[in-house]
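Subject: Structure handover

Hello,

Here is the structure for you to look through. My notes on it follow below.

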Amino acid sequence: MNVLPTYPFSGAIKTSHEFSPSTKINRVPFSTYFPLSKILVTCDTVMSTELPPARYCVETLISQGLFVLAGEPKIGKSKLSLDMCLSVAKGEMVLGQKTAKGAALYLALEDTLIRLQNRLFELTDEPVDNVYFSLLSASIGSGLEQDIESFYLEHSDLRLVIIDTLQKV
């Protein structure tokens, strides 16, 4: 499944599907894979290309893409993230903003099952459909992307994936 949009400059970008599982990935300068001459587009091209509107998981706050929630330890980042998952799954508001109701995947990579359960009981009294958890995952470049893609293929209404914490992958 190609996840890249089909506008004029997407052809220069390779997806993970263009590499075999045995492909060794070496760290090389960005320009080796994305030479400037291959990714340059004119202002006219950008302005005249009809693009689909951004799809939001949480209106005006979280659109498609990667977002990092960062802050001091123990200030509630995990609780906020878990609350977002529950709210998206129920189609309820987050921080006063509407959500696109759908499945949520929460990778609680620093938690134990009891700690996760305690956090859930702090936020809700009833189980919420469409929220899925894992306490373990593959690393980036070692299967995580494929695991998330496989999950998406089984849950086409997936709206939110939380990786808590990114340093664990």
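Helices (H or I, at least four residues) and strands (E, at least two) are DSSP runs, numbered from the N terminus. This is a predicted model, in which local features need pLDDT of at least 70 and side-chain atom pairs count only at pLDDT 80 or more, while totals for chains, interfaces and linings use all residues. Residues are numbered from 1 along each chain as its sequence is written, and side-chain values use heavy atoms, with hydrogens and water left out.

The core
The largest nonpolar core (buried Ala, Val, Leu, Ile, Met, Phe, Trp, Tyr and Cys residues joined through side-chain atoms within 4.5 Å; buried means under 20% relative accessible area, exposed over 50%, partly exposed in between, with a 1.4 Å probe and protein chains only) has 19 residues. C85 and L160 have the most contacts inside this core. Two or more residues each come from β1 (56-58), α4 (77-90), β3 (103-108), α5 (113-123) and β5 (158-164). The largest share, 6 residues, is from α4. Beyond its neighbours within four places in sequence, L160 is in contact (heavy atoms within 4.5 Å) with residues including C57, C85 and L105. A second, separate core of 7 residues includes L109 and F151.

Two loop residues
V41 is found in the loop between α2 (36-39) and α3 (43-48). V41 is partly exposed, at a relative accessible area of 35%.

G91 lies in the loop between α4 and β3 and is partly exposed, at 36%. Not counting residues up to four places away in sequence, G91 touches T99 and K101. The C-alpha atoms of G91 and A103 are separated by 9.8 Å.

Regards
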